Amino acid sequence: MITLSRCRSALAAALALTATALLGLAPPVSAVPVPGADVGAEATAGTGDPVFPSLGTTDYDALAYDLALTYRADTRTVDGTTVLTARALTALRSLELDALGLTVHAVRVDGRPAEFRTHDEKLTVVPARPVRRGAALRVEVAYTADPRAALPHTGWVVTPDGFAVAGQPDGAHTVFPCNDRPGDKARFAIAVTAPDGLYGVANGLLAATEPNTDGTTTRRYRSREPMATELVQMSVGRYTVRESRGPGGLPLRDVVPTARAAALEPALALTPGQLAWAEAHLGRFPFETYGLMPADTDDPAAFDFTGLETQTLTLYKPNFLRQPEHLIGSHMVHELVHSWFGNSVSPGTWADLWLNEGHADFYGLMYRYERGWPDSSGYTTLADRMRSVYAKGDQWRHDSGPVAAPTAATLFDSQRYTGGALVLFALRERVGAEVFDRIERAFLQRHRNGSATTADFLRTADEVSGQQLSGFLTEWLYGEHTPPMPGHPDWTVDQVERAARRSTEAPRGSGTL
């Protein structure tokens, strides 16, 4: 994403996560009783994610979601059904899904009605029969949602004629009940029903179009590769679907507001060239299709970012894409690179976000400078930009914590973006471009269609390079002070201003690249 801010913990607390993160472990998870009824059920209290500890559960492994959404144009509400297929990782007398702002009508587990209740941001379900450890289970939830509802946070993007979805980081469960954590990826099949005259779209490829007798049409989509919940896209609007081919015959599918199609055509035409550039650096595109979906809204409050990497179909603000190529090209490559870093390889926890955003910024900046486009600060080379970021290193560590130790409040600060890119630049300066490229491709290959932690990246760097790089990278990722830059002994770090926290939140697409 080209980028939210939420409470800030002390730096010492952030650094305390280091050993846990490097070992690829989560903090201990405790079991708490689920209140109510006489069922004596128990459920696990969250996953221990360093940033969102109450989000998701490790009680089960989500295997597949079958989602069905019907948009009611008269009420502007959505009727939904979520069918979750999962495998129990522990014996379950109850289980939890993340859910917020959803009016749940009924729940069934393995075909039998189940007791349920919503509380906080959870849907607690008590099956008619306990679920054995290792057993498969099927949870079906029928609900209604109002995309316009006032919630503490939301994954809905309201448009004049429908909606889109922006689930990152913790908004997917306002759209459908789920295990809303990036490390639990699953297969997705999505059906979107909308009145004739509107078009329902979702991630992946269109599998079927079914006209209904009530003046609506259902379109069914399937994603070939697994997906994290925060990357789900579902939308309804007056759209035109533009299909073409990219490198190697890759199907390209852009979904654009019909009234804006002609104005957006120049931006859409940039994708094949950007894909070819990205594949030259990162290997073959990892999904079955790619395209852009500019949401049909000019409301500045609709969402507070320029682009969001929903899988195979990147969400954009439409007017951003109407600018000249030199103002949008690097941002488009940033979002495209998320197909590899963030989508194909998702973060194990939200503390690993720098792997997504640091890589996206690193390659987006490379693309910019190769084309001779000055950035918003006037820099024309990656080295000059990185020297500028390096000078801010200690200040950013003071204000936003180390690169790989964010809090909810600092998650989308620039430290995760160009601060992450600076770590990658330091690694490349240490090992050389050829070894760096091998590390990158090995990491992507080893964790394709899965999730990975910072510890996984460090392990890959050690093994591929044949060097002990973990200590070097640990200092860059978790240290309180910015380490010396390899090959650049003249680079200096500015003195820290400690009087007050200065915001380093990335402006979500308005100038970070």
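Colleague: Which residues do ring pairs link into a cluster?

Modeller: In this predicted model, ring pairs join Phe341, Trp354, Phe362, Tyr363, Phe436, Phe443 and Phe457 into a cluster. Two of its members return in helix packing, since Phe443 of H10 and Phe457 of H11 are among the residues that make the contact between those helices.

Colleague: How many aromatic pairs does the structure hold, and what makes the pair of phenylalanine 285 and tryptophan 340 the kind of pair that it is?

Modeller: The structure holds 22 aromatic pairs. For phenylalanine 285 and tryptophan 340, the ring centres are 5.5 Å apart and the planes stand at 85°; the distance falls within the 6.5 Å limit for a pair and the angle is over 60 degrees, so the pair is called edge-to-face.

Colleague: Why can this pair be said to tie together parts that are 55 residues apart in sequence?

Modeller: Phenylalanine 285 belongs to the loop between helix H4 (271-282) and strand E20 (292-294), while tryptophan 340 belongs to the loop between helix H5 (325-337) and strand E23 (345-347), and the pair therefore bridges parts separated by 55 residues in sequence.

Colleague: Are phenylalanine 285 and tryptophan 340 buried or exposed?

Modeller: Phenylalanine 285 has a relative accessible area of 5% and tryptophan 340 has 3%; since buried means under 20%, phenylalanine 285 is buried and tryptophan 340 is buried.

Colleague: How do you know that the charged end of arginine 430 sits over the ring of phenylalanine 472?

Modeller: The charged end of arginine 430 is 4.8 Å from the ring centre of phenylalanine 472, and the criterion asks for a distance within 6 Å together with a position within 35 degrees of the ring normal. Lysine 317 likewise lies over the face of phenylalanine 303, at 5.6 Å from the ring centre.

Colleague: Arginine 430 leads on to H9 and H12; what makes their orientation roughly parallel or roughly antiparallel?

Modeller: H9 and H12 pack at an angle of about 160°, with their axes 10 Å apart, and because angles over 145 degrees count as roughly antiparallel, H9 and H12 are described in that way. The crossing of the two helices is right-handed, and the contact is made by Leu422, Val423, Ala426, Leu427 and Arg430 from H9 and by Phe472, Leu473, Trp476 and Leu477 from H12.

Colleague: What are H10 and H11 called in terms of their orientation to each other, and why?

Modeller: Helix H10 (residues 433-446) and helix H11 (residues 454-465) pack at an angle of about 130°, with their axes 9 Å apart. That angle is neither over 145 degrees nor in the range 65 to 115 nor under 35, so the two helices are called oblique. H10 passes H11 in a right-handed crossing, and besides Phe443 and Phe457 the contact includes Val435, Arg438 and Ile439 of H10 and Thr460, Ala461 and Val464 of H11.

Colleague: At what angle do the axes of H5 and H6 cross?

Modeller: The axes of H5 and helix H6 (residues 353-370) cross at roughly 145° and come within 8 Å, and H5 passes H6 in a right-handed crossing. Among the residues that meet there are His326, Gly329, His331 and Val333 in H5 and His359, Ala360, Tyr363 and Tyr367 in H6.

Colleague: What makes helix H7 mostly covered?

Modeller: In H7 (residues 382-391), 7 of the 10 residues are buried, namely Leu382, Arg385, Met386, Ser388, Val389, Tyr390 and Ala391. These buried residues pack against H6, helix H8 (393-400), helix H9 (414-431) and helix H12 (470-478).

Colleague: What is the phi of aspartate 110, and of asparagine 449?

Modeller: Most residues other than glycine have a negative phi, and most peptide bonds are trans. Phi of aspartate 110, however, is near 55°, and that of asparagine 449 is positive as well, at about 65°. Aspartate 110 is in the loop between strand E6 (103-109) and strand E7 (112-113), whereas asparagine 449 is in the loop between H10 and strand E24 (450-452). With partly exposed set between 20% and 50%, the value of 39% places aspartate 110 in that class, and 26% places asparagine 449 there too.

Colleague: What kind of peptide bond joins glutamine 168 and proline 169?

Modeller: Omega is about 0° there, and the bond is cis; proline 169 is found in the loop between strand E12 (162-165) and strand E13 (187-195).

Terms used. Residues numbered from 1 in each chain as written. Predicted model: local features only at pLDDT ≥ 70, side-chain atom pairs only at ≥ 80, totals over all residues. Heavy atoms only, no water. Phe/Tyr/Trp six-rings, centres within 6.5 Å; stacked < 30°, edge-to-face > 60°. Helix = DSSP H or I, 4+ residues; strand = E, 2+ residues; numbered from the N terminus. Buried < 20%, exposed > 50% of the residue type's maximum accessible area, 1.4 Å probe, protein only. Axes fitted to C-alpha atoms, helices over the stretch in contact; angles between N-to-C directions. Left-handed = near helix turned anticlockwise from the far one by under 90°. Contact = heavy atoms within 4.5 Å.
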